[in-house]
Amino acid sequence: MPPPALKARGALPASNSCCGRGSLRMQSAMFLAVQHDCVPMDKSAGNGPKVEEKREKMKRTLLKDWKTRLSYFLQNSSAPGKPKTGKKSKQQTFIKPSPEEAQLWAEAFDELLASKYGLAAFRAFLKSEFCEENIEFWLACEDFKKTKSPQKLSSKARKIYTDFIEKEAPKEINIDFQTKTLIAQNIQEATSGCFTTAQKRVYSLMENNSYPRFLESEFYQDLCKKPQITTEPHAT
């Protein structure tokens, strides 16, 4: 029987799914092999040492590829709502956290989101699960709530609606019809609370679904490992 994460979207209740339209794309079977420790095997191969060795080799390869993609993501991430311009600007840098700092992320979801490196790593993780629209929507809402100008508030509200809320939106999030209808009404006279209900729902979905899986990922576990100190024996 395949792991729950590989089931078709139609088989899952909408309230328990953490992904929107992005989840309609095929899940990354290779990444899930790392997460669930379930490398596809030839039925004729059996369960001998060679199979186990093949499994471990694939896991190491996938983890290396995941780190490479994360590194690229960290180097090319830009702040939400601030598109790149032609002018030269200082590249945003992220400092790898110490094991102690990384371990704090497991104490609360807010601790993870408050860390620049942690947030970027979580975004890369959601991208690997084809659920990046959730964190992108949440970040867009955070930026939206800080907007003071009524004109900018109105234009940003319409953009968030067309990007994430309306039917067949390019990054459509998974929220109920009633919430969508309420948002469509609210943006006619936009206020900073237009997306509060939807943002809380998406936050809850990430906290209860994606966040625990991120904490179980080999990448996060690797960040939490303290480097081993080797001591050379003294010559006698």
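Of the 236 residues in this protein, 37% are buried. That figure, like everything I will go through today, comes from a predicted model. On the outside, the protein exposes about 15,500 Å², and carbon and sulfur atoms supply 54% of that area.

Now the fold. There are 10 helices and 0 strands. If you read along the sequence, the pattern is α-α-α-α-α-α-α-α-α-α. For contacts, take residues at least 6 apart in sequence: 65% of those contacts join residues at least 24 apart.

Next, charges. Side chains of opposite charge can pair when their charged atoms come close. How many salt bridges does a search of the whole structure find? The search finds 8. I will go through three, among them two that involve helix H6, residues 132-145.

Start with Glu 142 and Lys 145, whose side chains form a salt bridge at 2.9 Å, N to O. Both residues sit in helix H6, and because they are 3 residues apart there, about one helical turn separates them. Glu 142 is partly exposed, at 24% relative accessibility. Lys 145 is also classed as partly exposed, with a relative accessible area of 38%.

The second pair is Asp 143 and Lys 156, with a salt bridge of 3.0 Å, N to O. Which parts of the chain does this pair link? Asp 143 is in helix H6 and Lys 156 is in helix H7, residues 150-165, so the pair links distant parts of the chain, 13 residues apart. Asp 143 counts as partly exposed, at 24% relative accessibility. For Lys 156 the relative accessible area is 27%, which puts Lys 156 in the partly exposed class.

The third pair is Glu 132 and Lys 127. Their closest N and O atoms are 4.0 Å apart. Is Glu 132 buried or exposed? Glu 132 is buried, because its relative accessible area is 14% and the cut-off for buried is under 20%. Its partner Lys 127 is partly exposed, at 46%.

There is also a group of like charges. Which residues gather in a patch of negative charge on the surface? They are Glu 107, Asp 110, Glu 111 and Glu 207. One of them, Glu 111, is found in helix H4, residues 109-114. Glu 111 has a relative accessible area of 37%, so it counts as partly exposed. Residues in such a patch must have over 30% relative accessible area and no salt bridge.

Last, the backbone. Most residues other than glycine have a negative phi. Two residues here are worth pointing out on that score. Phe 130 is not a glycine, yet has a positive phi of about 60°. Where is Phe 130 found? Phe 130 is in the loop between helix H5, residues 116-128, and H6. The other residue is Glu 168, also not a glycine, with a positive phi of about 65°. Glu 168 lies in the loop between H7 and helix H8, residues 177-186. With a relative accessible area of 53%, Glu 168 is exposed, because the exposed class covers values over 50%.

To go back over the main points: the predicted model has 10 helices and 0 strands, a total of 8 salt bridges, and a surface patch of negative charge that includes Glu 111. Phe 130 and Glu 168 each have a positive phi.

Methods: Residues numbered from 1 in each chain as written. Predicted model: local features only at pLDDT ≥ 70, side-chain atom pairs only at ≥ 80, totals over all residues. Heavy atoms only, no water. Patch = residues over 30% accessible without salt bridge, like charges linked within 9 Å, V, L, I, M, F, W, Y side chains within 5 Å. Areas by Shrake-Rupley, 256 points an atom, 1.4 Å probe, with all protein chains shown as cover. Lys, Arg positive; Asp, Glu negative; His and termini not counted. Charge placed at Lys NZ, Arg CZ, Asp CG, Glu CD. Helix = DSSP H or I, 4+ residues; strand = E, 2+ residues; numbered from the N terminus. Buried < 20%, exposed > 50% of the residue type's maximum accessible area, 1.4 Å probe, protein only. Contact = heavy atoms within 4.5 Å.
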